[in-house]
Amino acid sequence: MNLVWLEELVEAFSTLPGIGKKTARRLALFVIESDSEVGSRLAKAITEAVSHIGRCPVCGLYAPSGENCHICNDFNRDKSIICVVSRPQDVLAIENSHSFSGFYHILGGNISPLDGIGPQDLRISELLSRIGDGKVNELILALDNTVDGDTTAHYISSIISSDVKVSRLAAGLPFGGELEYTDGVTISRAFRFRTSF
Ligand SMILES: [Zn+2]
């Protein structure tokens, strides 16, 4: 059987995280064997998502292409506090815990010397320019409780001017724990008992 379209579909599925060659082949065959509606819907959903979803130019969260996200557009939020996180998924976890009503800033990862990721690879200069207008008086670092999270937190606290209070979520977050996988009650406690730098 030499169907280039099938091979291409298998290849495409196998680029997804957690999908090996075998699963990719199973998925590809499932799509082909299903009603053509299944494949068309999948293809359409992917095309639409890729072309319409972008990143908020302010905080970095997912947003309609070229627009601010729903959180940055929410004027009922507290402008004086920015919560700094590594990934968009962390914002979703914190929002689900209902423990924070300020704005967010997504770095796009952690500083990780071993992986060759330095401050210049993260959205740190964007963070500094947001703070620069003087309206922000507190920064909460909601970073992973890992070595890279620690490195990132220390770096950011070292470059922030002293008139901005910097605190970090600590209480209750397990060491090595990623925020995304932490439950809402624990996140909520971690916000209440945040510690100053
Ligand atoms: Zn935003």
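Along the sequence, the secondary structure of the predicted model is ordered α-α-α-β-β-β-α-β-α-β-α-β-α-β. In total, the chain contains seven helices and seven strands. The C-alpha atoms occupy a box of roughly 65 × 35 × 35 Å along the principal axes. Among contacts in the chain with a separation of 6 or more, 55% are between residues 24 or more positions apart.

Of the 197 residues, 40% are classed as buried. The accessible surface of the chain amounts to about 11500 Å², and carbon and sulfur atoms contribute 57% of this area. The charged side chains comprise 18 positive and 24 negative groups. The centres of these two sets are 4 Å apart.

A zinc ion is bound by the SG atoms of Cys56, Cys59, Cys69 and Cys72, which lie 2.3 Å from the metal. The spacing of these donor residues in the sequence is C-x2-C-x9-C-x2-C. Within this set, cysteine 59 and cysteine 69 link distant parts of the chain and are 10 residues apart. Cysteine 59 is located in the loop between strand E1 (53-55) and strand E2 (62-64), whereas cysteine 69 is located in the loop between E2 and strand E3 (78-85). Both cysteine 59 and cysteine 69 are buried.

The angles subtended by the four donor atoms around the zinc ion run from 103 to 116°. The arrangement is therefore tetrahedral, as the criterion for four donors requires all angles to lie between 85 and 135 degrees.

Terms used. Residues are numbered from 1 along each chain as its sequence is written. This is a predicted model: local features need pLDDT of at least 70, side-chain atom pairs count only at pLDDT 80 or more; totals for chains, interfaces and linings use all residues. Side-chain values use heavy atoms; hydrogens and water are left out. Helices (H or I, at least four residues) and strands (E, at least two) are DSSP runs, numbered from the N terminus. Buried means under 20% relative accessible area, exposed over 50%, partly exposed in between (1.4 Å probe, protein chains only). Contact means heavy atoms within 4.5 Å. Accessible areas come from the Shrake-Rupley method with a 1.4 Å probe; for residues, only the protein chains shown count as cover. Lys and Arg count as positive and Asp and Glu as negative; His and the chain ends are not counted. The place of a charge is taken as NZ of Lys, CZ of Arg, CG of Asp or CD of Glu. Donors are N, O and S atoms within 2.8 Å of the metal (3.2 Å for Na, K and Ca); water is not among the atoms, so sites may look incomplete. Four donors count as tetrahedral if all angles lie between 85 and 135 degrees; four count as square planar and six as octahedral if opposite donors are over 155 degrees apart and all others between 65 and 115; anything else is irregular.
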